Amino acid sequence: MPDSPSLSLDAVGGTRVAGLQDTRWRCAHADLRSLDLADCPALITLDLRHAPNLHHLTVQDCPALEVITLPDLARVIVHLDAGREPPFLRVMGGIEHIDVSWWEGRFAADCEDLAPWQNSVIGDAAFVNRHGEEADLQIIIGEYAAEPASAANGSVRSPWLRHLLVIGCHQLQRIEVLPEAEQLETLCIDHAPVLDVVVLQRKVLQADFRNTRRLTRIEGLTDTLSIKRATQRDAGLVIRGRHRVVRLVSCGLKRLMMSHPCQLLLMRCPRLTQLGVPIATRIDYHDLLPPRLGEQDRMRIDESLLRQMRDYFIHSRAGALDELKSLMPRMAGRRQAVHALILLDQLLDEGVNPSELWALRQELMTRHLFGHLSPLTFPRPSLLAASRRLWLWNLPQDLALEGWAADYRLWLVASETDPAAQDYATTIYNACRDDPDGPAVTTVIEHVVRHRGRPCDQAIDTLYMVLKGLASAARRQHGNAEALPRALSWSTALALHLGRYGERFDRVVVNFARRTLHPHQFLTFAERAGPHHPLVHDHLMRMVNGQVRYPLPPHEAREMPSLAEHARRLLEAADRNRPLLGQGWEDAT
């Protein structure tokens with residue numbers, strides 16, 4: 001067998017070999033990592049057993065190739081361009097991925113197990129039956145059985161088989177996995193137009209069915225069951241047995257019946273109207289508008305659906321608001337509620353009536369807070385009235401700030417014209433005072449701090465009312481107003497806006513800083529706000545003259561002279577109209 005000991009490699013251990021005229025070729029280069037083999041029309045056997053570091057193999061224009069031998073302990077990725085005709089190939093040795101293409105088709109297979117496939121066979125049913133008795137991977141191209149009489153009913157019984165892929169079996173009507181196939185992990189069937197029944201007598205980790213238009217029944221156990229472009233239009237599908245995840249994509253079925261609960265993922269199944277699944281089934285819908293399955297369904301809404309709803313409003317699609325009303329009850333979950341609030345806020349920019357959006361928001365909050373309560377014990381009008389007295393969202397931590405901010409912006413716009421939203425102002429004040437360090441206060445402050453340009457008068461008035469009573473609320477909740485952990489960050493952020501929104505805004509911000517900050521923290525606030533500001537200047541003068549009294553522990557009270565000295569230096573710097581750079585109050589001591 002010809003060898004190539006003088007093979008030249010590039011910097012990463014790769015090389016390209018082309019134009020071989022031999023029927024057998026062996027490579028024993030220990031440093032070879034990637035091999036591209038091309039234009040070898042006579043090559044039948046490729047021996048790479050003595051290239052232990054091989055990781056990538058690409059084969060192109062080698063129509064006669066039948067056998068590839070790889071290192072046993074390797075995990076090789078194989079790419080094969082078979083040309084005009086589908087391949088007839090045996091691969092011996094470890095592979096973790098293989099993809100093959102020819103003029104009329106292509107396929108790819110991944111080994112998701114820690115142990116790679118050691119023996120793989122690719123070809124028609126006769127070739128696979130002849131060479132694949134002990135194969136880990138079998139890929140059958142064409143009819144499942146070599147004899148036409150048995151092509152309609154197929155069975156899987158090989159005890160060594162781990163992955164089976166069947167492509168283009170136009171006569172297969174029924175396939176059954178027998179208990180003898182004890183190592184089978186993955187079953188994939190693609191382009192089986194008359195396949196009707198699938199029976200799994202032993203558990204399969206993953207079952208994947210694509211382009212099986214007449215599929216009506218699946219029985220057995222799987223970990224993940226995926227069905228794509230299956231079932232006839234307006235037909236039904238029955239799934240019996242336990243499955244952890246069931247995924248349906250682009251299916252035209254009208255009815256879906258399942259015997260056991262699972263996680264059901266639906267994508268582009270608009271004709272699905274009859275859903276018979278156990279109560280414990282979790283349903284996630286992705287992408288296009290979900291089917292109308294009634295008020296009692298357990299549909300979860302994906303973020304992509306909300307983006308599509310916005311496009312409907314942008315293009316003035318008829319009935320878009322009615323669709324949104326029907327979806328709103330399904331968007332009351334913790335994560336879905338965030339996307340729903342963001343959508344309602346974005347629809348304000350599309351010209352949707354704020355009053356209608358505010359009514360949808362109230363319905364969303366009612367479902368979010370009280371969806372677990374029985375409507376028989378707690379009538380819906382009473383729950384809706386209770387939600388009008390609450391500003392409370394149970395949102396995931398990573399998205400909570402976005403949801404609260406969108407809800408607050410929606411209220412600011414709706415309160416300009418909607419009396420129901422105007423009455424909600426008292427609820428916002430109470431929510432902030434009941435939790436002085438909670439997300440409600442953060443939302444009100446962050447809206448003014450992060451707003452580009454001048455906030456609306458309602459936002460400034462709300463901030464004034466919240467800050468005015470926040471110190472007293474903190475004293476009631478925590479025993480003293482200085483216990484607010486975020487008081488310094490809030491005060492210094494608001495300090496940058498002094499002098500922009502009127503004297504009342506300046507006074508409430510400075511008073512909030514005076515009542516909630518320790519002396520050294522107020523000096524930090526004064527440096528940020530500028531000692532020349534009249535209200536800040538007056539308080540600094542009181543500190544210099546010893547007129548400020550703080551209920552401090554003895555060890556902090558001893559620092560008061562140094563704090564007064566630093567306040568004096570701030571005032572002197574302000575009089576000289578230059579900042580005191582690089583010197584904190586600690587340096588002044």
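**Exercise 1. Helix α14**

Task: Which residues of helix α14 (residues 519-529) are buried?

Solution. The model is predicted.
- Step 1. Go along the helix and pick out P519, Q521, F522, L523, F525, A526 and A529 as the buried residues.
- Step 2. Look just past the helix. G530 follows α14, and its phi is positive, near 100°.

**Exercise 2. Strand β13 and its partners**

Task: How many of the residues of strand β13 (residues 163-167) are buried, and which way do they point?

Solution.
- Step 1. Count the covered positions. Five of the five residues in β13 are buried.
- Step 2. Sort them by direction. H163, L165 and I167 point one way, while L164 and V166 point the other way.
- Step 3. Recall the general pattern. Side chains in a regular strand alternate between the two faces of the sheet.
- Step 4. Find one partner. Strand β11 (residues 137-141) pairs with β13 in the parallel sense over five bridges. I141 stands opposite I167 there.
- Step 5. Find another partner. Strand β15 (residues 186-190) runs parallel to β13, joined by five bridges. L165 has C188 in β15 as its bridge partner.

**Exercise 3. An open sheet**

Task: In what order do the seven strands of the open sheet lie, and which are the edge strands?

Solution.
- Step 1. Read across the sheet. The order is β12-β14-β16-β18-β20-β22-β24, with parallel pairing.
- Step 2. Find the edges. β12 (153-156) and β24 (274-276) each pair on one side only.
- Step 3. Add the twist. From one strand to the next, it averages 5°.
- Step 4. Zoom in on one pairing. Strand β14 (residues 174-177) and strand β16 (residues 197-200) pair in the parallel sense over four bridges. V177 stands opposite L200 in β16.

**Exercise 4. A hairpin**

Task: Do β8 and strand β9 (residues 105-110) run parallel or antiparallel, and through how many residues does the hairpin join them?

Solution.
- Step 1. Check the direction. β8 and β9 run antiparallel, joined by six bridges.
- Step 2. Pick one pair of residues. I98 stands opposite A109 in β9.
- Step 3. Follow the turn. The hairpin joins β8 to β9 through two residues.

**Exercise 5. Aromatic pairs**

Task: How many aromatic pairs does the structure hold, and why is the pair of W391 and W404 edge-to-face?

Solution.
- Step 1. Count the pairs. The structure holds eight.
- Step 2. Take one of them, F88 and F127. The centres are 5.5 Å apart and the planes stand at 80°, an edge-to-face pair.
- Step 3. Place both rings. F88 is in the loop between β7 (76-83) and β8 (89-102), and F127 is in helix α1 (residues 125-131). The pair links distant parts of the chain, 39 residues apart.
- Step 4. Compare exposure. F88 is partly exposed, at 34% relative accessible area. F127 counts as buried, at 6%.
- Step 5. Turn to W391 and W404. Their centres lie 5.0 Å apart, and their planes meet at 65°, so the pair is edge-to-face. The cut-off for that class is over 60 degrees.
- Step 6. Locate these two residues. W391 lies in the loop between α6 (380-387) and α7 (400-414), and W404 lies in helix α7, so the pair ties together parts that are 13 residues apart in sequence. Both are buried.
- Step 7. Widen the view. Ring pairs link W391, W404, Y408 and W411 into a cluster.

**Exercise 6. Helix α9 and its surroundings**

Task: At what angle do helix α9 (residues 425-434) and helix α10 (residues 439-450) pack, and which residues meet?

Solution.
- Step 1. Take the geometry. The angle is about 115°, and the axes are 7 Å apart.
- Step 2. List the contact. I428, A431 and C432 in α9 meet A440, V441 and V444 in α10.
- Step 3. Classify it. The contact has six nonpolar, no polar and no charged residues.
- Step 4. Look at T427, which is also in α9. T427 is buried, with a relative accessible area of 8%.
- Step 5. Find its contacts. Not counting residues up to four places away in sequence, T427 touches R388, R389, L390 and W391.

**Exercise 7. H55**

Task: Where is H55 found, and which residues is H55 in contact with beyond its sequence neighbours?

Solution.
- Step 1. Place H55 in the loop between β4 (45-47) and β5 (56-60).
- Step 2. Check exposure. H55 counts as partly exposed, at 27% relative accessibility.
- Step 3. List the contacts. Leaving aside neighbours within four places in sequence, H55 is in contact with R33, R75, V76, I77 and E96.
- Step 4. Take I77 from that list. The C-alpha atoms of H55 and I77 are separated by 6.1 Å, although the residues are 22 apart along the chain.

Key:
Residues numbered from 1 in each chain as written. Predicted model: local features only at pLDDT ≥ 70, side-chain atom pairs only at ≥ 80, totals over all residues. Heavy atoms only, no water. Phe/Tyr/Trp six-rings, centres within 6.5 Å; stacked < 30°, edge-to-face > 60°. Buried < 20%, exposed > 50% of the residue type's maximum accessible area, 1.4 Å probe, protein only. Axes fitted to C-alpha atoms, helices over the stretch in contact; angles between N-to-C directions. Contact = heavy atoms within 4.5 Å. Nonpolar A, V, L, I, M, F, W, Y, C, P; charged D, E, K, R; others polar. Pairing = 2+ DSSP bridges.
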